[in-house]
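These are notes for a colleague who is opening this entry without having seen it before. Please keep the sequence and the structure at hand while reading.

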Amino acid sequence: VGGYGWLYAGIDGARQVADFLDTAARAGIALGPNNPLLLDCEDYTDGSFPSIATIHQAVAECIRSGVNAGIYTGKWFWIGRLGNIQEFSMLPLWDAHYTGFPGLIAPTYGGWTLDTLAGTQWSGNPVDRSTFKAEYAAG
């Protein structure tokens, strides 16, 4: 995938994306249709999490900047914290699924389907491991 940025609570989502894109540009990371900026939506260590408004701001800044956005999240967060909203289901999803199985698994939340799935994170032990659809792994 092209880029990854953790969305924090209490900070304007557009500003966070601008900072992510600046960092990516300085690092020479090119973002494109099949290597979007994936926005991490989950709890932070202090229990805070990005609001729906923050996610909207971040996605809007990606669109304004001509960068494709995607979402990295897990079912437990999306349903438990955001009420299983469906409005981002057109964006690619990197699903934190942790099945222990290195394969793509159709998501069952947020309106995402196997068609909009970019990848499945299937393990976090001993390191994070994910499987991506070929079009997202081709670089």
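With which residue does Arg-64 form a salt bridge? The first point answers this, and the others go through further features of what is a predicted model.

1. The partner of Arg-64 is Glu-61, and the closest N and O atoms of this salt bridge are 2.7 Å apart. Both residues belong to helix α2, where a spacing of 3 residues puts them about one turn of the helix apart. The two ends of the pair differ in their surroundings: Arg-64 counts as exposed at 62% relative accessibility, whereas Glu-61, at 11%, counts as buried. The limit for buried is under 20% relative accessible area and the limit for exposed is over 50%, so Glu-61 and Arg-64 fall on opposite sides of the partly exposed range.

2. The search of the whole structure finds 4 salt bridges. In general, side chains of opposite charge can pair when their charged atoms come close. One of the salt bridges links Arg-15 to Asp-19, with 3.9 Å between the closest N and O atoms. The cut-off for a salt bridge is 4 Å, so this pair is counted. Arg-15 and Asp-19 are separated by about one helical turn because they are 4 residues apart in helix α1. Arg-15 counts as exposed, at 56% relative accessibility, while Asp-19 is partly exposed, with a relative accessible area of 41%.

3. Helix α1 also holds the salt bridge between Asp-22 and Arg-26. Here the closest N and O atoms are 3.0 Å apart. These two residues are 4 residues apart in the helix, so about one helical turn separates them. Asp-22 is partly exposed, its relative accessible area being 41%, and Arg-26 is exposed, with 63%.

4. How do the helices α1 and α2 cross? Their axes come within 7 Å and make an angle of roughly 45°. That angle makes α1 oblique to α2, because it lies outside the ranges for roughly parallel (under 35 degrees) and roughly perpendicular (65 to 115). The crossing of α1 past α2 is right-handed. For orientation, α1 spans residues 13-26 and α2 spans residues 52-64.

5. Ahead of α1, the loop that follows β1 (3-6) contains Ile-11. Together with Tyr-8 and Tyr-44, Ile-11 makes a nonpolar surface patch of about 250 Å². Ile-11 itself is partly exposed, with a relative accessible area of 38%. Residues in a patch need over 30% relative accessible area, so the 38% of Ile-11 meets that condition.

6. Some backbone geometry deserves a look. Most residues other than glycine have a negative phi, and most peptide bonds are trans. Asn-84 has a positive phi, near 60°, and is not a glycine. Its place is the loop between α3 (75-82) and β4 (93-96). Asn-84 is partly exposed, with a relative accessible area of 25%.

7. Tyr-98 likewise has a positive phi, of about 50°, although it is not a glycine. Tyr-98 is in the loop between β4 and β5 and counts as partly exposed, at 39% relative accessibility.

8. Which peptide bond is cis? The bond from Asn-125 to Pro-126 is cis, with omega near 0°. Pro-126 is found in the loop that joins β5 (117-123) to β6 (129-132).

9. The loop between β4 and β5 also includes His-97 and Trp-112. His-97 is partly exposed, with a relative accessible area of 32%, but Trp-112 is buried, with 4%. With the limit for buried at under 20%, Trp-112 falls below it.

10. Distance along the chain and distance in space can be set side by side for these two residues. Trp-112 and Ser-89 are 23 residues apart along the chain, and their C-alpha atoms are separated by 4.9 Å. His-97 and Ala-53 are 44 residues apart along the chain, with 24 Å between their C-alpha atoms.

Definitions and conventions:
Residues are numbered from 1 along each chain as its sequence is written. This is a predicted model: local features need pLDDT of at least 70, side-chain atom pairs count only at pLDDT 80 or more; totals for chains, interfaces and linings use all residues. Side-chain values use heavy atoms; hydrogens and water are left out. Patches are made of residues with over 30% relative accessible area and no salt bridge: like charges are joined within 9 Å, nonpolar side chains (Val, Leu, Ile, Met, Phe, Trp, Tyr) within 5 Å. Accessible areas come from the Shrake-Rupley method with a 1.4 Å probe; for residues, only the protein chains shown count as cover. A salt bridge is a side-chain nitrogen of Lys or Arg within 4 Å of a carboxyl oxygen of Asp or Glu. Buried means under 20% relative accessible area, exposed over 50%, partly exposed in between (1.4 Å probe, protein chains only). Axes are lines fitted to C-alpha atoms, for helices over the stretch in contact, and angles run from 0 to 180 degrees between N-to-C directions. Angles under 35 degrees count as roughly parallel, over 145 as roughly antiparallel, 65 to 115 as roughly perpendicular and the rest as oblique. A crossing is left-handed if the near helix is turned anticlockwise from the far one by less than a right angle, and right-handed if clockwise.
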